[in-house]
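Please open the model in your viewer and keep the sequence panel beside it. The tour goes from one selection to the next and says what is found at each stop.

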Amino acid sequence: MKKAFSPIIIILCLSLMATQCDEDQASFTQVDEQNELLLLKKEIETLANRSVCNESTACKYIGFGSKPCGGPWEYLVYSTSTDTQYLEALVADYNEQEKTFNTKWGVISDCAIPNPPASLKCENNICIAIY
């Protein structure tokens, strides 16, 4: 008799757990998602701003953010003194999350695309974009 109830109890528990996940996701608002993006953006900017340039490092830039019309919001400048693979992966993740956010919440913006830096220079151990 006990064995007959076990599958039913398991199915019931799994159903309740699945319902709980849906409720948690439904309570995640646009503001919540925007705040998560903002935290990730600050983490990325902090990592990039900690990088220093000198004769043994190079300056680089990457498209940062995802405008609703396409393209980046800006270009993030950093040096190879940081963990560039990690930084570039964070930026790619952020860009994808912002693209999803824009689509989900119907975000709009101008469709102007910023120009990438024409060149980069190292000044006082900081990478500077030249436009």
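The stops below cover the nonpolar core and then the disulfides of this predicted model.

**The core**

Begin by selecting Ile44, Phe64, Leu76, Leu87, Val91 and Tyr94, which, of the 14 residues in the largest nonpolar core, touch the most other members. Then colour helix H2 (30-50), strand S1 (59-64), strand S2 (74-79) and helix H3 (84-105), since each of these elements supplies at least two residues of this core. As a general background to this stop, nonpolar side chains in soluble globular proteins tend to be buried together.

Stay here and centre the view on Phe64, whose contacts, leaving aside residues up to four places away in sequence, include Ile44, Leu76, Val91 and Tyr94. Showing the surroundings of Phe64 also brings up Lys41, Glu45, Pro72, Trp73, Glu74, Tyr75 and Asn95 among the residues that it touches.

**The disulfides**

Next, display the cysteine side chains, where the count comes to three disulfides.

Select Cys53 and Cys122 together: they form a disulfide, with their sulfur atoms 2.1 Å apart. Viewed about the S-S bond, this link of Cys53 and Cys122 is right-handed, at 95 degrees. The pair links distant parts of the chain, as Cys53 sits in the loop between H2 and S1 while Cys122 belongs to strand S3 (residues 119-123), 69 residues apart. How do the two partners compare in exposure, buried or partly exposed? Cys53 is buried, with a relative accessible area of 0%, whereas Cys122 is partly exposed, with a relative accessible area of 41%.

Move on to Cys59 and Cys127, which form a disulfide with their sulfur atoms 2.1 Å apart; the link of Cys59 and Cys127 is left-handed, with -85 degrees about the S-S bond. Because Cys59 lies in strand S1 and Cys127 in strand S4 (residues 126-130), the pair ties together parts that are 68 residues apart in sequence. Cys127 has a relative accessibility of 14% and, falling under the 20% cut-off, therefore counts as buried.

For the last pair, select Cys69 and Cys111, which are joined by a disulfide (S to S 1.8 Å). Cys69 is in the loop between S1 and S2 and Cys111 in the loop between H3 and S3, so this disulfide ties together parts that are 42 residues apart in sequence. With a relative accessibility of 43%, Cys69 counts as partly exposed.

Finally, show the disulfides together and follow the bonded cysteines of the protein chain in sequence order: their pairing reads 1-5, 2-6, 3-4.

Key. Residues are numbered from 1 along each chain as its sequence is written. This is a predicted model: local features need pLDDT of at least 70, side-chain atom pairs count only at pLDDT 80 or more; totals for chains, interfaces and linings use all residues. Side-chain values use heavy atoms; hydrogens and water are left out. A nonpolar core is a set of buried Ala, Val, Leu, Ile, Met, Phe, Trp, Tyr and Cys residues joined through side-chain atoms within 4.5 Å. Buried means under 20% relative accessible area, exposed over 50%, partly exposed in between (1.4 Å probe, protein chains only). Helices (H or I, at least four residues) and strands (E, at least two) are DSSP runs, numbered from the N terminus. Contact means heavy atoms within 4.5 Å. A disulfide is a pair of cysteine sulfur atoms within 2.5 Å.
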